[in-house]
Every structure is written in C-alpha cells, then in structure tokens.
Amino acid sequence: MVKKHKLPRVALHPATIKHAKKGHPWVTADSFTKDFPKKENLLIGKDPKSDDRIFLLHDPTHKKVKARIWEIGKEMPESPNGFIRSFATRLEDSILKRTKVQEKLNRDNFYLAFAEADGIPGLMIQKFNNIVLVQIYCDFWYYFKNDIRRIIKKLCAQYFPEVDKTIFQQRKEADSVKFSDLENKVNEITIKEFGINYHLKFDYRYDIGIYSDMSSIRKKLTNEIRGSKRVLNLYSYTGAFSLFSLSLKAEHVTSVDLSKDYIDWLERNLALNPQLDASKHTSKISSVEKALKDFSIAGEKFDLIICDPPSFSSDGKRSQNSLKSYDKLIPLMSACLSDSGKIVAFINTHQTSRKKFNEKIGELAGKEKLSIEKQLKMDEDCKTLGGFAEGDYLKGVVLKRI
C-alpha cells in the first residue's frame, strides 16, 4: 500500500484564523509561529473550532510574514505536486484576465499575476515584450522556481507566444536584490507604454527602469496633464511621467532627481522618442528640496507638480520617511504652483495606511489653501484585495487650490 502524503499540522493564533476568514492572506509573527517546523515549505493550519483547514506557504526567514495563506477549506492538496497543480490553475486564470484587456492597456509592460490580489501571495509576474520577470517577495517560491519556469513557459506558449525568456528577481529587502537566469546575458530591452519607448535593464539596482504598477495611474492623470502647460516631475527616476507629459503636449516639462544615473537614463529614454520635442524638456540633478527653493527664488511657476518620493527619500545628506518629508515638500511645492495649478502627491509603502496618508496630506494642504480633489490608486492589471490594506501600497492624491 502506498502511504498517503500528509503535510505537517500547525496551530494558529485565534486572531490569525479570524483575519484569514475575513480575507487577510498573511500569518504574521506571533507566539504560535515560533513553533512552526523550520524546514517545511507547506503547512496545514487547523481551526480548532471547525473542520476548516488553512493551507500555508511557509516563509520562516521573513522578519514579519511567516506564512501566506493559499486556501481555506475542508479538502485541499496534501502534497507539493498537488499544490503546483493548484498554482498552475490560478496562474492561468490570472493570465486570462490580462489577455481580455491587453489591447486596452496600450502598453508592453503589465502584470500577469499581482501577488495576493490574484490569489498568488508573495509572487508578482510581469511581462515586458518577450521577457517575463518573476519577482519573489517570499523565499517559499524560490524552492519551486523550476516549476514556476515550466508553467510560465507552457502558459505563455498558449497565450503569449512571443515570450522566450524568464528572469527571476528576489525582492524581499530593498537593499538586497538578486537577479538570476539572465539568459544569454540578455539584460536590456526597449518597451513601449502609451506609445512611448523606454529602455529597461534587468540587472541594475532594485528597479528596472519603469514602474508598471504606476501605469494605470499615469493614464488616470491624462486630463490633469493635458490641461497643464508647465509640468514639474519631482523624484523623476527614468522619466515616465515626464515623457508622458511631453506626449500630451505640455509646453515645458522639468525633471528633478538627485541621481545623475537616473537623469542620464531619462535623457536616453527621451532620445528613444524622436516624436517628442526634447527642447521642451529640462533635467535638473538636485535634491528636491533644493530644486524647489531654487524655483521659488527664480519665481518659476508650474501648472502641475508630480511628487513621488521613494519609501525612504534622500537629499544626499540624510534619509527620512517619505510621509514625514511632505512636512517640507507641501509648502515648497505650493510656493511654486500657479494659481490654478495642481499637485499630485504619492506614497509607496504598505506601512502607511490610505487613511493616515490622506489625513496627513489633507492637514498640510489645508495650511497652504489646498484641498484633496481626487484619490488615486492602482487599477487594471494591479487590482487590490478587499480586507488586505497592505496590498493597497501605492496611494496618491490630486491637490488643487481652494
């Protein structure tokens, strides 16, 4: 007789069970997780008050999130093979959603799977032309790397036959990023978003050259950008908002970033787009605070100011929390804003709730006779999951004069 495989059972904190049944997909560190078997990748959590079982993707090395919830029910796969079959089904469902809206997206960069929102916690999968980038946010998935590659190859052969490369990127910590499977040393590519060309690098620092989770928000800001003659893009990175503004006929766009590397990258992107008038763009290598002070002294005014600080912004001398940085940024931006101008302010971290962000920005804006006109959140290929506030990490508001 063949012995039936059975996964290890673990006890879960009552609060974990309560939140899990409300849709929260994480098991965070507590007194119960300390007893989880360290060398097991798959676990079954038991609800002592019912017959429900909670299928867990174990990640003992993560500082906070010790497991991710795959499924809740009375019957579920009891082996790695059963789990992989379940994963393949979910990934195909996720890909099918994208194939139905691909033409409407009007871009080469989009997510095939957006982690928890697509029922695949801790794993994001993006498509860039013929390359699929698999971003691993929990070590659990790395043990199934070969299965992931095989399943992606099979599904893409059916739905995206142009894909011929899969690259993996481990992204658990901001200062620790590892790329692998850079096949044939192919680590650069040009993609198109909303008719604009961008140069991407797959072995460079933490990010690759464009934020696809911001793409749907860029599109939502079309009217604000189109109605602005002078646009200021702060923390411009490689210039997606800058080039998008030029494509929408802004009379002049100014991009500010402290990094010469990023400004050089932006300039290269601009050169890739001869349809855009480069004479209408100015790059400034500077801290944002200094740049805003310089603009104010010079009496420069902008109709639209876009501010997307990194999670921990830097002025070259110190680092500070990006929400705290708005204490100085809102007044400085207000001083450079035209009478009918607007400010678009973002924060990119799950550690600050949308409510806290809105309250903070609203309070600072009120002191400058500004108010919140519009909320911005991810959409299209980047949906958020109800009951999971951490998944709503990218938050934005549009401010206008009162």
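A residue counts as partly exposed when its relative accessible area falls between the value under 20% that defines buried and the value over 50% that defines exposed. By that scale E300, with a relative accessibility of 28%, is partly exposed. The model described here is a predicted one, and the points below take up its salt bridges, its two open sheets, the helices that lie on them, and its nonpolar cores.

**Salt bridges**

- The structure holds 26 salt bridges, and the pairs described here are among them.
- R230 forms a salt bridge with E300, with 2.9 Å between the closest N and O atoms; because R230 lies in strand β13 (residues 230–234) and E300 in the loop between α8 (288–298) and β16 (302–307), the pair ties together parts that are 70 residues apart in sequence.
- R230 has a relative accessibility of 28% and therefore counts as partly exposed, and E300, also listed at 28%, counts as partly exposed.
- D47 and K21 meet through their side chains in a salt bridge of 2.7 Å, taken from N to O; this pair links distant parts of the chain, since D47 is in the loop between β3 (42–46) and β4 (53–58) while K21 is in helix α1 (residues 14–21), 26 residues apart.
- Within this pair, D47 counts as buried at 5% relative accessibility, whereas K21 is partly exposed, with a relative accessible area of 43%.
- K74 and D52 form a salt bridge at 3.5 Å, N to O, and this pair too links distant parts of the chain, with K74 in the loop between β5 (65–73) and α2 (80–105) and D52 in the loop between β3 and β4, 22 residues apart.
- K74 counts as partly exposed at 49% relative accessibility, whereas D52, at 16%, counts as buried.
- A network of salt bridges links K21, D47, D52 and K74.

**The sheet of 5 strands and its helices**

- One open sheet has 5 strands in the order β1-β3-β4-β5-β2, and its pairing is mixed; the edge strands are β1 (9–11) and β2, each of which pairs on one side only.
- From one strand of this sheet to the next, the twist averages 40°.
- β1 pairs with β3 in the parallel sense over 3 bridges, and R9 stands opposite I44 in β3.
- Helix α1 lies across β2, β3, β4 and β5 and runs at about 55° to β5, while α2 packs on the sheet, touching β3, β4 and β5, with its direction at about 80° to that of β5.
- T16, I17 and A20 are buried in α1, and because they cover an arc of only 100° around the axis, they sit on the same side of α1.
- The cover over the buried residues of α1 includes β2 (26–28), β3, β4 and β5.
- After α1 comes G23, whose phi is positive, near 110°.

**The sheet of 7 strands and helix α9**

- Another open sheet, of 7 strands, has the order β15-β14-β13-β16-β19-β21-β20 with mixed pairing; β15 (281–285) and β20 (370–377) stand at its edges with a single partner strand each, so one side of each is left without a neighbour in the sheet.
- Neighbouring strands of this sheet are turned by 15° against each other on average, with direction ignored.
- β20 and β21 (residues 394–401) run antiparallel and are joined by 7 bridges, and Q375 stands opposite V397 in β21.
- Helix α9 (residues 322–335) lies across β13, β16, β19 (337–348), β20 and β21, and runs at about 170° to β19.

**Nonpolar cores**

- In soluble globular proteins, nonpolar side chains tend to be buried together.
- The largest nonpolar core has 43 residues, and those with the most contacts inside it are F128, Y198, L200, F202, L221, V344 and F346; helix α6 (residues 240–247) gives the most to this core, with 5 residues.
- Leaving aside residues up to four places away in sequence, L200 touches F128, N187, E188, I189, I191, I208, G209, I210 and W265.
- Another core lies apart from the largest one and has 34 residues, among them F55, F87, L105 and I136.

Note on methods. Residues are numbered from 1 along each chain as its sequence is written. Side-chain values use heavy atoms; hydrogens and water are left out. A salt bridge is a side-chain nitrogen of Lys or Arg within 4 Å of a carboxyl oxygen of Asp or Glu. Helices (H or I, at least four residues) and strands (E, at least two) are DSSP runs, numbered from the N terminus. Buried means under 20% relative accessible area, exposed over 50%, partly exposed in between (1.4 Å probe, protein chains only). The arc is that of the directions from the helix axis to the C-beta atoms. Contact means heavy atoms within 4.5 Å. Two strands pair if DSSP finds at least two bridges between them. Axes are lines fitted to C-alpha atoms, for helices over the stretch in contact, and angles run from 0 to 180 degrees between N-to-C directions. A nonpolar core is a set of buried Ala, Val, Leu, Ile, Met, Phe, Trp, Tyr and Cys residues joined through side-chain atoms within 4.5 Å.
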